[in-house]
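The following exercises concern side-chain contacts and surface exposure in a protein. Please work through each task with the sequence and the coordinates at hand before reading its solution.

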Amino acid sequence: MIRIIANIFGALLQVYCIYIFFDAFNKPKVIINKWVNRAIITAVCAFHIVTSIYLMGTPLLLCFLLTAFILSQLFSSKQYIKFVLTIVIAVICVASEFIVSASIMAFSNSDFENVTGDDTLYSLGLLLSAFIQLAIVVIVRLFKHDFSVDSIKRSHLAVISVLPISTIFVIDMMYQVLGVIENRTLKVLFVISSMLLITSNIVTVEVVRRQNRMYKSELELAFVKSSLAEQKKHYADISASQEQIKRINHDLKNFYISSIAQIESGNADSVADKMKQELDVIDADKALIDTGHPAIDTIFENKIAAANSHGITCDIKFKYQAEILIDEMDISIVVGNIMDNAIEACQAFDGKKVIEGYIHSNESDVVIKIANSSANNDGLKTKKSDKRFHGYGTKSITSLAEKYSGSAKFTSDNNRFNTLVILTNR
């Protein structure tokens, strides 16, 4: 009886570990009927309990993988990411059970049959391994804050998954061998070997995590350098434009006197040409954005100019009702990514190409709302031939929104794609 109770409790604890592990890396899917979600989890629990009671070894491992992958479908993520995470949680499970079983056999000087045949030892090992799995998953959740699986390329994830998959097979074979050897020293060596194998998995993940951070830092550094260069040009353009406007204002009286004299002498064409030149200066000044927020002004000015070069009409309004307390560079990154997505979507649209919206600040929030023409109902689909950086923009927007306790929402309807980002102004 104690064995069945231990199997039930251990199976439920494993299902819980699997669920919170996936929850650490993915957002749960929005299911309208909560009872459907509960029914799926209940069915998975029942399946895992039954397989834990009646199966052992490789068949149980395969059923565990199936259980984990079914639970992964309750979360929003790409299937290949779910597959890799399923392998990782399986490694945690198998490694925990192997280390506990091998340790019990080594320190009690018992063989595999004695341990599995003794209800007390079996139940103790099962529950201890389940609590070790829970501890590992909790630690993963605590240190996950700066590690994003979604930002890793598919090819890199495929390479990374080779080690966990190999680990599962190696530990499974070690488990089979452990059942037939009687030498205590060999059993201890098996435990040490398995711990080293698990350590290699952890080191690999840590290396990938650091490479991921470096990759993100390189992209952000490139953006900052580009933004600084654009800001310098922005300041130079504003300064030159102001000087030209000052010159026009200073020379306005003389210009009128000269123009009247030219017209009276029959040189109206030269007067018209001169007026056009001065109007061009005024029009050029209108294209410059100067709201007192240089980083934001520069990125909007640059992106609007890029949009206009593709025949896209832009209408962006600035409503600053309170001081912006957020790092303007972060806002610039959000704006730059939104505008890049909008320009790309407009280029693929056959009708009237429009980008419109506003940036608004008040005492509590900074709100950025941009709408653009879109050829389909998924404005996030890229048309670029090089898709290496596709998806990074929207993830960056969402990440920065979360950084400032805000939100990012993307919706589309009637050939119109809408982006709404709200950042807490603090």
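The exercises below refer to this predicted model.

**Exercise 1. Classify the ring pair F300 and F318, and state where its two members lie.**

Solution.
Step 1. A pair of aromatic rings is described by the distance of the centres and the angle of the planes.
Step 2. For F300 and F318 the centres are 5.3 Å apart and the planes stand at 90 degrees. Planes over 60 degrees apart count as edge-to-face, so the pair F300 and F318 is edge-to-face.
Step 3. F300 belongs to helix α10 (residues 294-309) and F318 to strand β3 (residues 313-320); with their positions 18 residues apart, the pair links distant parts of the chain.
Step 4. The relative accessible area of F300 is 0%, so F300 is buried. F318, at 26% relative accessibility, is partly exposed.
Step 5. F318 also forms an aromatic pair with Y320, with 6.3 Å from centre to centre and 40 degrees between the planes, and this pair is tilted. Y320 is partly exposed, its relative accessible area being 22%.
Step 6. The structure holds 8 aromatic pairs. Elsewhere, Y19, F21, F22, F25 and F75 make up one aromatic cluster.

**Exercise 2. Locate the salt bridges that R3 and D23 form, and determine which helices they connect.**

Solution.
Step 1. The structure has 6 salt bridges.
Step 2. R3 meets D119 through their side chains, at 3.1 Å from N to O. R3 is in helix α1 and D119 in helix α6, 116 residues apart.
Step 3. Both members are partly exposed: D119 has a relative accessible area of 32%, and R3 has 22% relative accessibility.
Step 4. D23 meets R141 in a salt bridge of 3.4 Å, N to O. Because R141 lies in helix α6 and D23 in helix α1, this pair ties together parts that are 118 residues apart in sequence.
Step 5. R141 is partly exposed at 35% relative accessible area, as is D23 at 27%.

**Exercise 3. Is K303, the salt-bridge partner of D340, buried or exposed?**

Solution.
Step 1. The side chains of K303 and D340 form a salt bridge with an N to O distance of 2.9 Å.
Step 2. The bridge joins helix α10, which holds K303, to helix α11 (residues 328-347), which holds D340; the two residues are 37 apart along the chain.
Step 3. The cut-off for buried is under 20% relative accessible area. K303 has 13%, so K303 is buried.
Step 4. D340, by contrast, is partly exposed at 34% relative accessibility.

**Exercise 4. Identify the elements that contribute to the largest nonpolar core and to the nonpolar surface patch.**

Solution.
Step 1. The largest nonpolar core has 46 residues, of which I18, F21, I89, F98 and L178 touch the most other members.
Step 2. Two or more core residues come from each of α1, α2, α3 (57-72), α4 (79-107), α6 (119-143), α7 (154-178) and α8 (184-264). The greatest contribution, 16 residues, is that of α4.
Step 3. On the surface, M1, I4, I5, I8, L12, V50, I53 and Y54 form a nonpolar patch whose accessible area together is about 790 Å².
Step 4. α1 (2-25) and α2 (34-54) each supply at least two patch residues, and α1 gives the most, with 4.
Step 5. Y54 is located in helix α2. Its relative accessibility is 68%, so Y54 counts as exposed.

Conventions. Residues are numbered from 1 along each chain as its sequence is written. This is a predicted model: local features need pLDDT of at least 70, side-chain atom pairs count only at pLDDT 80 or more; totals for chains, interfaces and linings use all residues. Side-chain values use heavy atoms; hydrogens and water are left out. Patches are made of residues with over 30% relative accessible area and no salt bridge: like charges are joined within 9 Å, nonpolar side chains (Val, Leu, Ile, Met, Phe, Trp, Tyr) within 5 Å. Accessible areas come from the Shrake-Rupley method with a 1.4 Å probe; for residues, only the protein chains shown count as cover. A salt bridge is a side-chain nitrogen of Lys or Arg within 4 Å of a carboxyl oxygen of Asp or Glu. Buried means under 20% relative accessible area, exposed over 50%, partly exposed in between (1.4 Å probe, protein chains only). Rings of Phe, Tyr and Trp (its six-membered ring) pair if their centres lie within 6.5 Å; planes under 30 degrees apart count as stacked, over 60 as edge-to-face and the rest as tilted. A nonpolar core is a set of buried Ala, Val, Leu, Ile, Met, Phe, Trp, Tyr and Cys residues joined through side-chain atoms within 4.5 Å.
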